[in-house]
Amino acid sequence: FSGVLAQDVLLALLELQDRLAATTARVAGRNVTLQDVCYAPLNPAAPGAGDCAVSSVTQYFQNNRSRLALSAWQQDGKHQGTVDWHDHLIYCVNSPLSFKDITALELSCMAEYGGP
């Protein structure tokens, strides 16, 4: 993986998303945040930052740096080796509705807000 799918680029994207999510604007005398204007399908009445449906490749890791950094040893029949974010991303692109990938990481492909 290279270009926009390099791990350092994904980590920079997470940092940018965090900064944007923390942005506050003053509108008509009141502070407005992302939670005030976002689409939050699973918690529309009182969305928190993690409830907003933000479309991003980092959602395959629930916008979590620790999950992006995980690796695990996996043995599958005759094949063995280390699996990491590359394997999880490939799995999720092919099965975006999965609650647990088939790698030893066993991570969900669902977004932080709970949707695909």
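Gln62 sits in the loop between H2 and H3, and that loop makes a handy way into this predicted model. The backbone does something a little unusual to look at here: phi of Gln62 is near 55 degrees, which is a positive value in a residue other than glycine. Gln62 is also buried, with a relative accessible area of 12%. Next comes Asn63, which is likewise placed in the loop between H2 and H3. Phi of Asn63 is near 55 degrees, again a positive value in a residue that is not glycine. With a relative accessibility of 17%, Asn63 falls under the 20% cut-off, so Asn63 counts as buried.

The loop between H2 and H3 also holds a disulfide, and there are two disulfides in the structure. As a reminder, a disulfide is a covalent bond between the sulfur atoms of two cysteines. One of them pairs Cys38 with Cys52, and their sulfur atoms are 2.2 Å apart. Both cysteines lie in the loop between helix H2 (34-37) and helix H3 (65-69), so the bond ties together parts that are 14 residues apart in sequence. What is the handedness of this link? The torsion about the S-S bond of Cys38 and Cys52 is about -70 degrees, so the disulfide is left-handed. Cys52 is buried, and its relative accessible area is 3%.

The other disulfide joins Cys92 to Cys109, with an S to S distance of 2.1 Å. Cys92 lies in helix H4 (residues 85-94) while Cys109 lies in the segment after H4, so this pair ties together parts that are 17 residues apart in sequence. The link of Cys92 and Cys109 is left-handed, with -80 degrees about the S-S bond. Are these two cysteines buried or exposed? Cys92 is buried, with a relative accessible area of 0%, and Cys109 is buried too, at 1%. Number the bonded cysteines of the chain in sequence order, and the pairing reads 1-2, 3-4.

Now for helix H1, which covers residues 7-21 and has 15 residues. From its first C-alpha to its last, H1 reaches 21 Å, close to the 21 Å expected at 1.5 Å a residue. Which residues of H1 are buried? They are Leu10, Leu14 and Gln17. Looking down the axis of H1, these buried residues fall within an arc of 65 degrees, so they line one face of the helix. Over on the other side of H1, Asp8, Arg19 and Leu20 are exposed. As for what covers the buried residues of H1, the list includes H3 and H4.

Helix H1 turns up again in the largest pocket, which holds about 250 Å³ of space. Where does the largest share of the lining come from? H1 supplies that share, with five residues. The residues lining the pocket include Leu13, Gln17, Asp18, Leu20 and Ala21, along with Leu34, Ala49, Val54, Gln59 and Glu112. Some familiar names are there as well: Cys52 and Asn63 are among the lining residues. Cys52 is the disulfide partner of Cys38, and Asn63 has the positive phi near 55 degrees described at the start. Gln17, also part of the lining, is one of the buried residues of H1, whereas Leu20, another lining residue, is exposed.

Definitions and conventions
Residues are numbered from 1 along each chain as its sequence is written. This is a predicted model: local features need pLDDT of at least 70, side-chain atom pairs count only at pLDDT 80 or more; totals for chains, interfaces and linings use all residues. Side-chain values use heavy atoms; hydrogens and water are left out. A disulfide is a pair of cysteine sulfur atoms within 2.5 Å. Helices (H or I, at least four residues) and strands (E, at least two) are DSSP runs, numbered from the N terminus. Buried means under 20% relative accessible area, exposed over 50%, partly exposed in between (1.4 Å probe, protein chains only). The expected span of a helix is 1.5 Å times one less than its number of residues. The arc is that of the directions from the helix axis to the C-beta atoms. Contact means heavy atoms within 4.5 Å. On a 1 Å grid over the protein atoms alone, a cavity is a set of points where a 1.4 Å probe fits but cannot get out, and a pocket is an open set with protein on both sides within 12 Å along at least five of seven lines; lining residues have an atom within 4 Å of a point. Grid points are joined across faces, edges and corners, and a volume is the space filled by probe spheres set on the points.
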